[in-house]
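Biologist: I should like a close look at a single part of this assembly, set in the context of its surroundings. Please define each term where it is used.

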Amino acid sequence: MAKWGMVIDLDKCTACQACVIACQAENNIPNSDPEAARTGRNIHWMEMLPMVEEEYPHLRMRLMPRPCMHCEKPPCIKVCPVNATQISSEGIVGQINARCIGCRYCTTACPYTVKYFNWFKPKWPEVMEHQLNPDVQVRYIGVVEKCTFCHHRLQKGRDLARYEGRELGPDDYMPACVQTCPADAMYFGDLDNPKSSVAILSKSKRAFHLLEDLGTHPKVTYLSEGV
Amino acid sequence: MKMQRRDFIKLLSSSTTFGLAYGYGLFSRLPGISGSEALAKQLEDVSLRPVEEKWLPSICRQCAGGCGVLVRVYGERAVKLDGNPLHPINGGRLCARGQAGLQLLYNPDRIATPLARAGNRGEGKWKPVSWDEALGTVGEKLKALRKQGRPHELAMLTGAQRGLERTVSERFMAAYGSPNLVRYEPDRSLGMNPALNLMQGQAAGFTYDIENAAHILSFNSALLEDHWSPVQLFRAYGNFRRGRKENRGKLVHAEPRLSVTGAKADEWIPIKPGSEGILAMGIASILIVEKRYDENFVTERCFGFDDWTDESGTLRPGFRTLVIQEYPMDRVVKLTGVPRDIIIRTAREFARVQPALAIGNDGPGVRHQGIYNRMAIHALNALVGNIQKPGGVLANARPADLSLPPVSRDRVADQGLSRPRLDGAGAERYAVASDVPASVTDNLLEKKPYPIEILMLNGANPLYESLHFERLVKALKQIPTIVSFSPFHDETTQWADLVLPDTTYLEKWQLDTTYTLKGHPVVNLSRPVLKAPFDGRDTNEVLLAVAASMGKPVANAFPSTRIEDLAKLSLQPLSKGGSGEPFGAPMEELWTRLLEQSGWKVRTEVDFEKLWADLLERGGWWDPVYYRWEWRRALATPSGRFEFYSLGARDYFAKLTGMERDMALQKTPRLVNLQQADAACLPAASRARAGGNETLYALEVNPYFIPILSGITHTNQPWLQDVTGFHVYQNWHTWVEIHPETAHQVGVHNGDWVFVESPGGRVKARVRTYEGAMPHVINLPVGLGHTSGGRWTAGIGENVLKLLQARQEPFTGQEQFKPARARLIKT
Amino acid sequence: MKKEPPITMRLFALSLSAAFALVCSGSASAVDQPIAYNHYKHTQELELECTMCHTGVSTQIRATLPSAEICISCHEEPVTDSAEEEKIRQYYAQNEEIPWKRLFQVPEHVFFSHRRHVTVAGLDCAKCHGNMATQKKPPKKAPMAISMKACMSCHRKLQAQIDCVSCHR
């Protein structure tokens, strides 16, 4: 069974936010507005996090694209009273919107703040509804949503591979953010396959995880900047 | 039932969710929990026809980068954009702006039909008119003006046009008889080119081979934020960092604020605003004094490094003299604020690690570097001999040979074209400039050299760009007829009499010419991908129709009335053989290149229809072979060498007479020891003094362009607006970045609302304390503060350009920010 | 505009929705079709494939119901003297679609793909649609209920994906 994971090379990343917008476009994420932004109620499954260290003029700012970490031990699923958020057999942490009661325990439990509550009814000006992705549900007010590693793409890829009577290849499944990354800084694949680029890279000397000490075992690995 | 793989892929992507396939009213009908009413309605819905899905190639035009896109078309709607994997510029990738393209296509604030002004000018009252009526009105006005023998009184302001778009505008204006086709794009897309033209001669543009460089010294280049072709820059950057097994590229960046480029750099050197050129000269002095420059290249390929004698026998100072006499280390340290040891270390490293590139600001946005500072920065590349080398500065190869038969003109047109231009380009002080947008406001206002009767706005929005808002409004009021082709109600369109809304890029035929970052010419071709969601029309087609309606001789401007035919005709020469080919898979490309470079492959004539179909399917054509050793192309200067002392500049000043010459020289930097005439031809870096009383206005203003909005004309896109200032957690309003200690000194706190006031004006902004700001320098983002143009842009933030003043550059006449001072006033 | 139910209400509705999710198919009330279509005659006597009229079955997410155009391709001239058949031509002549009503339905948040089940997995239509093909008159309700329980048992048996995200997202 595959174990899907991502590697983000911060040395290549240019913080251009193509991944951020690609995610919004792929996953029918509602438009933000000044009010939503002011109250922190805008939704970004993928977000660029700035982390400032030290002081002027020897300052470092680390800019990190942050999707859901798809933890092997996700704190969010432990607190869900209705089993609306679960980890799949392939390690993808999903959110079943129809089952979610909107208690927001998981948004609090997630140390990476990747779970987003729909405070508003998602709506678009009529003409903009044209661009909604038919493969992805539009969520509704009062439920939590999150990054799915573009799971619908996995299903499509798997259909194709199966139809052609072959194994799922590394190019068959790639989330929208990885596909668009201009600097080629994002890698995606099966961590259980020792030959996959993610398996190799996640053992790099530069590899680290966000908040590793919490014991969440994230499946998103970062590669640090520098030599 | 037997299915082919290709069919299956096609159908694989055609899928649908429940809900969406029902139509677009999905959101009023919630699933299960929302109640039985919605359920009942749902059950009545029936889908009758399979939905067809395709991926169609097109060209992204959110900025001038020239990326190829594939549009996922689902039934009748476009649902996703991704990169075209065959495209040599973006290789299947897209940036944030490219990804947001559908928010331009399906923007609810697009102008839906032609509009005629109903109220007073600028009042924003409109009545819809039919296309026939609108085209009739324009045609008649143009005909009448031409009949009176005044065709030159038509002016068209455009954006950064290229390719067929440019051809159509040029031919229309030429056949009509007006010289006034002005690119109104202040300093945009020119970047380093004017400076490089002075030192390396006029070429088809220059490029930096970032991918193969080992070391990059960036002088406030905004490399990762504000590049003219961001995706290929990012791709190159990824390879620069990690593309080679060993030898990871190193980036050193000098800028007043810690920008994205600064954050990503291995070393950030905070530097006083506008002093980057002086830092470059400081580095040059170390290279020269310590003899760390490439002596071979400097002797073989350069002119004006040492002092030289002109034809009259006078000794002229060379670059070495300039550096030694004018930029002693103490002065450099004082003016730049960069410590001596850092300058020395940076210089030594720059000389040691090769190939090393020195890059100044090359983006479409920031305009405060100035031509002489850019020359100073570029001089470093010649000092280390990094010209026409892998990892160096490359002159673009010759563009593809696309041409249409010349326009046949009548006497009226010839007379009109012989008149001087509205912006003064091509004459006297601006003899070497093709467009001088900065002169437009004054000349319109003073009716110089003659009044303008009809103004057409074709992709330009001068009222937002201009630093002289009020004067420009006054000038616009004097023009009897203004026609706008904008698809949005932008600022200038508010002053129009007639709006003929353009379509956006996915809805029209496109033939675009551009370059890769390695100097290969690229021709993009695409057909309309889907039906326009609004009743707009491609401006190129509108110009064709207007020309046709005017009858001969104006109608002769175009060999056909269909834009598709024009594209076909322009591309005919490509089938004649020679070099170049349609885009192909990367492996194919590599193979072709090898064969061609070793002379094994010669291209022969191909069937045009086949080529045409190929181009449409793959997205375009390019020439993957680049000859590095064509020195005559790369160094097309009067001396045939790299000119530290620009003979081109000398010729230019020599041709000017009397007052014109004095006025032109006045704009060049002043030096302590060297004569003005020499300073005007050398990389005489300088730092302009900030205007304003230092006690009253204690802070320096450092404006910068918001990366995510860079290069975008229409910013009414909520995805992009939501991520503008992510590094300081601020969006949807203008913010001011200030160092925490400076904030404490002036008594403001993070999150406060303040007025930033300069002698020129004031804007409201939110204080964001930022460790990455230099003490006593405040950073303000440019790109917000539109007063119209849609719900996600009008009234969002403030236009920081209001704080700034500008001066005109010598040679190009481009507008350049003067440094400004400001103070904060609590609201 | 319908107002959203408050969270508390929705908590209450949870039990209902859970029940709903299990019995998520079919319509509660009886369905009357606009034309008394005879599945038996088409599929058994004439031996036509299901995909002949439900053109989306093998290539699309949704099977699709036949448009008037599809019907008229055989019924342009009367084949029988049935008044029901005449209706097709009436709809077609008036340029109207036949207002078929759906019998089988999964909720919006369930992503079911016919293509995946029929083309990729090679399942027979009857597996989910029961004896629909042999119905002589349009049934008032689905001949076989589609429930999550049925989906799951089949998925388990065939060792297909049973992760929640595979169908719900």
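Modeller: The account below begins with one strand and its partners, then moves outward to the core, the domains and the contacts between chains.

This is a predicted model, in which local features need pLDDT (the predictor's confidence in each residue, from 0 to 100) of at least 70, side-chain atom pairs count only at pLDDT 80 or more, and totals for chains, interfaces and linings use all residues. Residues are numbered from 1 along each chain as its sequence is written, while chains are lettered from A and ligands numbered from 1 in the order in which they are written.

The part chosen is strand 27 of chain B, residues 753-758. Helices (H or I, at least four residues) and strands (E, at least two) are DSSP runs, numbered from the N terminus. The covered face of strand 27 of chain B consists of B:Val754, B:Val756 and B:Ser758, whereas B:Trp753, B:Phe755 and B:Glu757 form its uncovered face.

Two strands pair if DSSP finds at least two bridges between them. Strand 27 of chain B runs antiparallel to strand 28 (residues 761-769) of chain B, and six bridges join them. These two strands form a hairpin with two residues between them, and B:Val756 stands opposite B:Val763 of strand 28 of chain B. Strand 27 of chain B is also joined by four bridges to strand 32 (residues 820-826) of chain B, again antiparallel; here B:Phe755 has B:Ile825 as its bridge partner.

B:Val756 leads from the strand to the interior, being listed among the residues with the most contacts inside the largest nonpolar core, which has 295 residues. Such a core is a set of buried Ala, Val, Leu, Ile, Met, Phe, Trp, Tyr and Cys residues joined through C-beta atoms within 7 Å. A residue is buried if 20 or more other C-beta atoms lie within 10 Å of its own, exposed if 12 or fewer, and partly exposed in between, with C-beta atoms placed from the backbone. The same list includes A:Met186, B:Ala280 and B:Ile778. Helix 15 (residues 371-383) of chain B gives the most to this core, with nine residues. Apart from it lies another core, of five residues, including A:Ala37 and B:Trp792.

B:Ala280 touches B:Phe219, B:Ala358, B:Ala376, B:Ile377, B:Ala379, B:Leu380 and B:Ala685, leaving aside residues up to four places away in sequence. Contact here requires C-beta atoms, placed from the backbone, within 7 Å.

Chain B is divided into domain 1 (5-105), domain 2 (117-187 + 402-506 + 536-557), domain 3 (206-395) and domain 4 (699-826), with bounds from an automatic or database domain assignment. Between the C-alpha centres of domain 2 and domain 3 of chain B the distance is 40 Å.

Chain B also meets chain A, with 62 residues of each in contact. Helix 1 of chain A provides the largest share of the side of chain A that touches chain B, seven residues. That side divides into 34 nonpolar, 13 polar and 15 charged residues; Ala, Val, Leu, Ile, Met, Phe, Trp, Tyr, Cys and Pro count as nonpolar, Asp, Glu, Lys and Arg as charged, and the others, Gly among them, as polar. As for confidence, chain A has a mean pLDDT of 93, and 100% of its residues reach 70 or more.

How values were computed:
Contact = placed C-beta atoms within 7 Å.
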